[in-house]
Amino acid sequence: MDFGYDQDQEALRDLARKMLSDRATPRRLEEVEAGEERIDRDLWAEMAAAGLLGVCIPEEFGGSGLGLVELSVILEEVGRAVAPVPAWSTLALGALPVAEFGSTAQKESLLPGVVRGDVILSAALQEPGNYDPLSPVTTTATAAEGGWRLDGVKVSVPAAAQATAIIVPARVEGGVGLFLVEPGATGVSLEPTEMTNREIQYTLTLDGVEVAESAELGDLARGREILDWLVQRASAGLCAMQVGVVDRAVRMTAEYTSSREQFERPLAAFQAVSQRAANAYVDAESVKLTTMAAIWKLSEGLDATEEVAVAKFFAAEAAQRAVHAAQHLHGGVGVDLSYPLHRYFIWAKQIELTLGGGTQQLLRLGEILATEAVA
């Protein structure tokens with residue numbers, strides 16, 4: 001199967017790569033990391049001006065009307081530059097499901113702002129001690145006059161304080177519903193936490209938060225289906241970011257071992273080094289190919305449950321092997337916090353933790369295979 005990009009997708013990738021690599025320099029990353037919200041607002045605005053934030057937004061709302069493949073191109077380049085912008089939260093967690101399931105009013109209210117860079121979106125998918133978004137949801141939505149009352153706690157919510165709206169799954173009678181919640185609404189509280197990659201994420205507490213019926217995202221009767229749709233695409237998008245992170249780390253290592261000399265020979269000339277680097281390259285390619293397979297099936301509207309689980313496993317397990325090898329092959333430079341490589345290591349670890357780790361993905365694959373065997 002040919003996973004190569006067409007001309008338009010190549011042009012999109014080149015534009016994103018040049019902009020992100022030019023702007024997300026090590027010095028600029030240090031400046032952003034010293035700030036309070038850890039988001040590069042200037043870069044976000046430039047991405048909007050270049051049309052990068054509208055790739056997956058329908059044309060009637062100001063976007064390009066493209067799809068998941070094109071979004072994955074953008075997310076891969078964000079990972080390659082370890083750029084501190086809310087691309088995954090806004091586009092994969094927020095804009096995609098709103099464009100697919102939102103009401104006309106919801107789309108008109110949110111999507112043009114996403115294209116302009118004025119609106120940041122997010123989703124609260126994880127709960128304390130319940131990190132699988134597809135596990136039974138403990139947050140509740142109780143019918144109230146004219147709408148719903150939401151109660152519960154969500155953790156690790158990206159860009160929550162900056163978001164215009166956060167998608168919140170909650171248990172309703174007979175299933176799960178998804179609701180658009182404003183972070184400034186009465187009863188909402190946010191507690192910031194610095195994550196492994198220095199990003200700020202939030203614990204979202206909902207204490208009797210009242211939302212109108214118009215805040216429902218999609219048909220409540222399809223809530224579980226919508227949540228599964230969202231989680232699969234969000235997971236694939238995170239894997240795409242990991243592709244960029246790992247690819248750049250391995251390439252940096254190839255450059256370093258080819259130029260750094262020991263005993264009057266490049267490090268790459270030593271067999272142990274070349275073998276370790278080759279294994280890292282194979283791991284990086286494994287992350288890439290499994291991710292592209294999952295994204296292709298999702299973009300074609302096919303069942304990709306198994307492919308997403310496989311991609312998540314490689315993005316967690318193989319990616320960690322690759323970035324560990326990259327650090328080891330850099331020697332002491334690899335653990336120097338002033339050297340760019342360390343950001344790729346901590347980003348790869350953060351993505352692994354968000355995906356749930358390799359063991360969890362293997363357990364998920366085991367469940368899938370067992371179900372298929374019984375069927």
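These legends describe a predicted model of one protein, starting with the whole chain and moving to single residues.

**Figure 1. The whole protein, with its 11 helices and nine strands.**
The C-alpha trace spans about 80 × 55 × 40 Å along the principal axes of the protein. The radius of gyration is 21 Å, which agrees with the value near 21 Å that a compact globule of 375 residues would have. Of these 375 residues, 53% count as buried. Among the contacts with a separation of 6 or more, 72% are made by residues 24 or more positions apart.

**Figure 2. The surface and the charges of the protein.**
The protein exposes about 16,800 Å². Carbon and sulfur atoms supply 50% of that area. The protein has 30 positive and 53 negative charges. The mean position of the positive charges and that of the negative charges are 6 Å apart.

**Figure 3. Two cysteines, Cys56 and Cys239, without a disulfide.**
A disulfide is a covalent bond between the sulfur atoms of two cysteines. The structure holds zero disulfides. For Cys56, the nearest cysteine sulfur is that of Cys239, 17 Å away. Why is there no bond from Cys239 to Cys56? The distance of 17 Å between the sulfur atoms is too far for a bond, because a disulfide requires the sulfur atoms to be within 2.5 Å. Cys56 is buried, with a relative accessible area of 6%. Cys239 also counts as buried, at 1% relative accessibility.

**Figure 4. Leu52 in the loop between helix 3 and helix 4.**
Helix 3 covers residues 41-49, and Leu52 lies in the loop that leads from there to helix 4. Is Leu52 buried or exposed? Its relative accessibility is 0%, so Leu52 counts as buried. Leaving aside residues up to four places away in sequence, Leu52 touches Leu12, Leu15, Ala16, Met19, Met47 and Ile74. Glu70 is 18 residues from Leu52 along the chain, and the C-alpha atoms of the two are separated by 9.6 Å.

**Figure 5. Val82 and Val85 in the loop between helix 4 and helix 5.**
Helix 4 takes in residues 68-80 and helix 5 residues 87-101, with Val82 in the loop between them. Most residues other than glycine have a negative phi. Phi of Val82, however, is positive, near 40°. Val82 has a relative accessibility of 4% and therefore counts as buried. Val85 is in the loop between helix 4 and helix 5 as well. Val85 is buried, with a relative accessible area of 11%. Which residues does Val85 touch, not counting those up to four places away in sequence? They are Asp40, Leu43, Trp44, Met47 and Val78. Ala269 is 184 residues from Val85 along the chain, and their C-alpha atoms are separated by 38 Å.

**Figure 6. Ser156 in strand 3.**
Strand 3 covers residues 147-158, and Ser156 has its place there. Ser156 is not a glycine, yet its phi is positive, about 55°. With a relative accessible area of 27%, Ser156 is partly exposed. The range for this class begins where buried ends, at 20%, and runs up to 50%, so a value of 27% places Ser156 in it.

**Figure 7. Leu220 in the loop between strand 7 and helix 7.**
Strand 7 is made up of residues 200-212, and Leu220 is in the loop between this strand and helix 7. Leu220 counts as partly exposed, at 22% relative accessibility. Not counting residues up to four places away in sequence, Leu220 touches Trp148, Val176, Gly177, Leu178 and Phe179. How many residues apart in sequence are Leu220 and Val246? They are 26 residues apart in sequence, and from C-alpha to C-alpha they are 39 Å apart in space.

**Figure 8. Glu225 in helix 7.**
Helix 7 includes residues 223-259, and Glu225 is one of them. At 44% relative accessibility, Glu225 counts as partly exposed. Ser338 is 113 residues from Glu225 in sequence. From C-alpha to C-alpha, Glu225 and Ser338 are 45 Å apart in space.

Methods: Residues numbered from 1 in each chain as written. Predicted model: local features only at pLDDT ≥ 70, side-chain atom pairs only at ≥ 80, totals over all residues. Heavy atoms only, no water. Helix = DSSP H or I, 4+ residues; strand = E, 2+ residues; numbered from the N terminus. Rg over C-alpha atoms; globule rule 2.2 N^0.38 Å. Buried < 20%, exposed > 50% of the residue type's maximum accessible area, 1.4 Å probe, protein only. Contact = heavy atoms within 4.5 Å. Areas by Shrake-Rupley, 256 points an atom, 1.4 Å probe, with all protein chains shown as cover. Lys, Arg positive; Asp, Glu negative; His and termini not counted. Charge placed at Lys NZ, Arg CZ, Asp CG, Glu CD.
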